[in-house]
Amino acid sequence: MDGTLTSFIAALRNAEVRVSTAETLDALSAVELVGYDDRELLKNTLSLMLPKTVDEKETFADTFDRFFAFEDVDGALDAGDAGGDGQGNGDAGTGAGGGEGAPGAGAGNRKSKNAFLAAATKGEGEEELGHGEMASPRSSLGQLLMLDSRVELTVRMVEAAKAVNLEQIQVFTQKGLYTRRIMDEMGLPGLQREINELRMRGGLPERRLSQELSKRRERLREQVRDYVERQFLLHADATGRRLREELLRKVKLSNVEHRNFRLIQEIVFKMAKKLVALYSRRKKVFRRGHLDLPRTLRGNMGYDGNIFDLKWKSVKVDRPKVFAICDVSGSVANYARFMLMFLYSLEEVMPRVRSFAFSSDLAEVTELFERNGIEDAIAKTLRDYGGGSTDYGQAFEDFRHKCLDDVDNRTTIIILGDARNNYGDPRTEILKEMHDRAKRVLWLNPEPRATWNAGDAEMRRYIAYVHQAEECNSLLHLERIVGNLLRTVQ
């Protein structure tokens, strides 16, 4: 079986492109026909067979480009003439045979890295020896480094990665381990012995060679480390995925890149499902009420005092009303996106959510979520109401006219926003009315507490009229706050 294709399909599955066994066999048959020589033909052929949805096709294209990239060890994509010896004829077939994307740092980064490595090697107690006669290397890796054959060096690195089973990397902390294994497989022990011997000889040509080999060794080590990082992103298994999920739970939602939205959404649904399971069980137990002893005894008099039929005191459970008021202006749009997604994923335990969005004028978007799926409703909300200059005073005024009469002592109001009002009238008297009518007013501010009163922020005025104000800028914060909310409204 084609090892390159099966490794690529494993990378696709890791990127959450669903590929069945039958589709894998079909792809193997197709690759036997088209081969690896024509990169675009291979990509188009596999794209017709493996991805199915629009999202999967985008993920497929990105994974293919990274997997079948062939880059030299200095990070420049090989376009047919890379390599100091002029023999860099890397084509799609070579890239496929190599298996995966090699490191690719920018030119500026390469210059700074090389300057740092040069300074590091000088710091080993050796003076600058200048240009002149240099001895010839004897170790295989030393000869390869001095040849400046980037293509051959890259091929050796890819072969070494396969020999140490780099595709089995699981967690990011294994980067150093696999970097060392690849370097050893490429011949680092022999190179290190040669460098030490050259230093001990003391001759000027030998010392020049020792310094040059040290510089090239460190440059190679950096490139191998970059290569391992890229392979981790392609091949990390479920353990690596769990670590990424844990990281995304803690990272600020404003820093989440668009390519991670799908994974973030899955995490939100998992968290909501866990809360639903927890609080729906609690609600069912609560509904049973307390044992009604008089009714139980009367109902079991016909059984000679034996109790067969328990009678419970009936308890009316008032389901809570939740009003979510979200600032969807550009600075906090991502926070609003995931809070709305979270709240509407809790429909089983919190079914009466009314949502409002504003940047200046406030509008109710509850019907959007009733007519559309969660993702489509959120996208339309951000598109239709995300423009304009933020005006909390106007938003509160609109809320008072639209539905303040619907707020009662069973209502929980959640306000999500940074309270930055562009120096307008904050209308705190309206927030006080909301506070007096509602059971609870909760303000979630995505900014750090230290900045709540900086600049045009009005939190110092608003905080007097809310029952609780919390910093909330990650999924971990959101899960904790919503969990506490469910605990109090059940």
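**Close-up views of a predicted model**

**View 1. Asp-65 forms a salt bridge with Lys-43, with 3.1 Å between the closest N and O atoms.** The pair links distant parts of the chain. Asp-65 belongs to helix H4 (residues 54-67), Lys-43 to helix H3 (residues 39-49), and 22 residues separate them in sequence. The coordinates come from a predicted model. Asp-65 has 34% relative accessibility, so it counts as partly exposed. Lys-43 is buried, with a relative accessible area of 17%. The structure holds 26 salt bridges.

**View 2. Arg-371 and Glu-367 form a salt bridge within one helix, H16 (residues 366-371).** The closest N and O atoms are 3.3 Å apart. The two residues are 4 apart in sequence, about one turn of the helix. Arg-371 is exposed, at a relative accessible area of 58%. Glu-367 is exposed as well, at 52% relative accessibility.

**View 3. Arg-437 forms a salt bridge with Asp-405, the closest N and O atoms lying 3.9 Å apart.** Arg-437 sits in helix H19 (residues 428-437) and Asp-405 in the loop between H18 and E4, so the pair ties together parts 32 residues apart in sequence. At 36% relative accessibility, Arg-437 is partly exposed. Asp-405 is exposed, with a relative accessible area of 67%. Elsewhere, shared salt-bridge partners join Glu-397, Arg-400, Arg-427, Glu-429 and Glu-433 into one network.

**View 4. Strand E1 (residues 321-327) is largely enclosed by the rest of the structure, because 7 of its 7 residues are buried.** Lys-321, Phe-323, Ile-325 and Asp-327 point one way from E1. Val-322, Ala-324 and Cys-326 point the other way. E1 pairs with strand E4 (residues 411-416) in the parallel sense, over 6 bridges. Thr-411 in E4 is the bridge partner of Lys-321. E1 also pairs with E2 in the parallel sense, over 6 bridges. There, Asp-327 stands opposite Phe-358.

**View 5. Aromatic pairs in the model number 13.** The ring centres of Phe-356 and Phe-399 are 5.4 Å apart and their planes are at 80 degrees, so this pair is edge-to-face. Phe-356 lies in strand E2 (residues 353-358) and Phe-399 in helix H18 (residues 392-403), 43 residues apart. Both Phe-356 and Phe-399 are buried. Trp-443 and Tyr-462 have ring centres 5.1 Å apart and planes at 20 degrees, so they are stacked. This pair links strand E5 (residues 440-445), which holds Trp-443, to helix H20 (residues 459-462), which holds Tyr-462. Trp-443 is buried, at 0% relative accessibility. Tyr-462 is buried too, at 0% relative accessibility. Phe-358, Tyr-392, Phe-396, Trp-443 and Tyr-462 form one aromatic cluster.

**View 6. Arg-181 lies over the face of Tyr-178.** Its distance from the ring centre is 5.2 Å.

**View 7. The largest nonpolar core has 45 residues.** Phe-338, Met-339, Phe-342, Phe-369, Leu-444 and Leu-475 touch the most other members. H15 supplies the largest share of this core, 10 residues. Not counting residues up to four places away in sequence, Leu-444 touches several residues, among them Met-339, Ile-414, Leu-416, Cys-472 and Ile-481. A second, separate core of 27 residues includes Ile-169, Ile-195, Leu-209 and Val-224.

**View 8. Leu-343 is in helix H15 (residues 333-344).** Leu-343 counts as buried, at 1% relative accessibility. Leu-343 and Ala-272 are 71 residues apart in sequence, yet their C-alpha atoms are 8.1 Å apart in space.

Methods. Residues are numbered from 1 along each chain as its sequence is written. This is a predicted model: local features need pLDDT of at least 70, side-chain atom pairs count only at pLDDT 80 or more; totals for chains, interfaces and linings use all residues. Side-chain values use heavy atoms; hydrogens and water are left out. Buried means under 20% relative accessible area, exposed over 50%, partly exposed in between (1.4 Å probe, protein chains only). Rings of Phe, Tyr and Trp (its six-membered ring) pair if their centres lie within 6.5 Å; planes under 30 degrees apart count as stacked, over 60 as edge-to-face and the rest as tilted. A charge sits over a ring if NZ of Lys or CZ of Arg is within 6 Å of the ring centre and within 35 degrees of the ring normal. A nonpolar core is a set of buried Ala, Val, Leu, Ile, Met, Phe, Trp, Tyr and Cys residues joined through side-chain atoms within 4.5 Å. Contact means heavy atoms within 4.5 Å. Two strands pair if DSSP finds at least two bridges between them. A salt bridge is a side-chain nitrogen of Lys or Arg within 4 Å of a carboxyl oxygen of Asp or Glu.
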